[in-house]
Amino acid sequence: MRSGITSRARRALGEDIGIRRADARDAKRLTRLVRTSRAYEGPYAPMVAGYRVGHDYVGTHRVFAAVGEATGRLLGFYSLILDPPELDLMFVADDAQGAGIGRLLIGHLREEAHAAGLTEVRVVSHPPAEGFYTSVGAHRTGTVRAAPPAVMWDRPELVLPVG
């Protein structure tokens with residue numbers, strides 16, 4: 001497991017954190033993290049109610065998981081699509097938010113994107129997460145309009161520089 005330890009995360013969570021490539025055995029835990037996210041309560045709940053991160057998705061995409069090294073606990077994950085470059089999914093466990101896991105994942109994403117020769121990555125953000133993405137250097141480029149019935153609200157579109 002590649003270590004991506006930050007002292008903030010270690011202090012907040014009480015263990016070292018590593019980032020590793022997710023595999024098919026992680027699919028159920030990734031799905032549970034998406035479906036139980038408090039960020040998708042209320043009006044946003046229908047978007048993730050039936051969402052599934054399947055074995056096939058994990059097997060064909062660049063999915064990386066932040067995991068407690070001592071416990072194996074899933075703390076968050078992201079999925080990077082290379083062509084066209086886009087952050088497809090990013091979730092942090094509710095009880096791990098504020099510990100630096102999101103920043104750790106973004107740092108790892110930048111390393112992966114850079115290694116793949118990318119200069120920027122598109123992010124279509126969940127509206128409440130836009131502030132997080134701008135805090136890590138993304139800048140807004142527009143708005144992706146609602147696409148009912150799957151997505152009932154407009155979403156911010158941003159670009160995250162890699163270099």
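The following exchange goes through salt bridges, one helix and the strand pairing in a predicted model.

Biologist: How many salt bridges does the model have, and which residue forms one with Glu-86?

Modeller: The count comes to nine salt bridges in this predicted model. One of them starts from Glu-86 in strand 5 (residues 85-92) and reaches strand 6 (residues 120-124), linking parts of the chain that are 36 residues apart. The closest N and O atoms of this pair are 3.2 Å apart, and the partner of Glu-86 is Arg-122.

Biologist: Is Glu-86 buried or exposed?

Modeller: The cut-off for a buried residue is under 20% relative accessible area. Glu-86 falls below this cut-off and therefore counts as buried, its relative accessibility being 18%.

Biologist: Which other residue meets Arg-122 in a salt bridge?

Modeller: Arg-122, which is partly exposed with a relative accessible area of 29%, also has a salt bridge with an N to O distance of 2.5 Å. Its partner in that bridge lies in strand 8 (residues 155-161), so the pair ties together parts that are 35 residues apart in sequence. The residue asked for is Glu-157.

Biologist: In which sense do strand 6 and strand 8 pair?

Modeller: Arg-122 stands opposite Val-159 in strand 8, which gives one position at which to look at the two strands. Strand 6 and strand 8 pair over five bridges, and the sense is antiparallel.

Biologist: In which sense do strand 5 and strand 6 pair, and what is the handedness of the β-α-β unit that they make with helix 5?

Modeller: Leu-87 stands opposite Val-123 in strand 6, and strand 5 and strand 6 pair over two bridges in the parallel sense. Strand 5, helix 5 (residues 101-115) and strand 6 make a β-α-β unit that is right-handed.

Biologist: Where do the buried residues of helix 2 lie around its axis?

Modeller: In helix 2 (residues 27-35), the buried residues are Ala-27, Leu-30, Thr-31, Leu-33 and Val-34. Seen down the axis of helix 2, these residues fall within an arc of 160°, so they line one face of the helix. An α-helix has 3.6 residues a turn, so residues three or four places apart point the same way. The place asked for in helix 2 is therefore one face of the helix.

Biologist: What covers the buried residues of helix 2?

Modeller: The cover includes both helices and strands, with helix 3 (45-48) and helix 4 (55-60) among them. On the strand side, the elements include strand 3 (62-68), strand 4 (74-82) and strand 5.

Methods
Residues numbered from 1 in each chain as written. Predicted model: local features only at pLDDT ≥ 70, side-chain atom pairs only at ≥ 80, totals over all residues. Heavy atoms only, no water. Salt bridge = Lys/Arg side-chain N within 4 Å of Asp/Glu carboxyl O. Helix = DSSP H or I, 4+ residues; strand = E, 2+ residues; numbered from the N terminus. Buried < 20%, exposed > 50% of the residue type's maximum accessible area, 1.4 Å probe, protein only. Arc of directions from axis to C-beta. Contact = heavy atoms within 4.5 Å. Pairing = 2+ DSSP bridges. Right-handed = clockwise from strand over helix to strand, strands pointing away.
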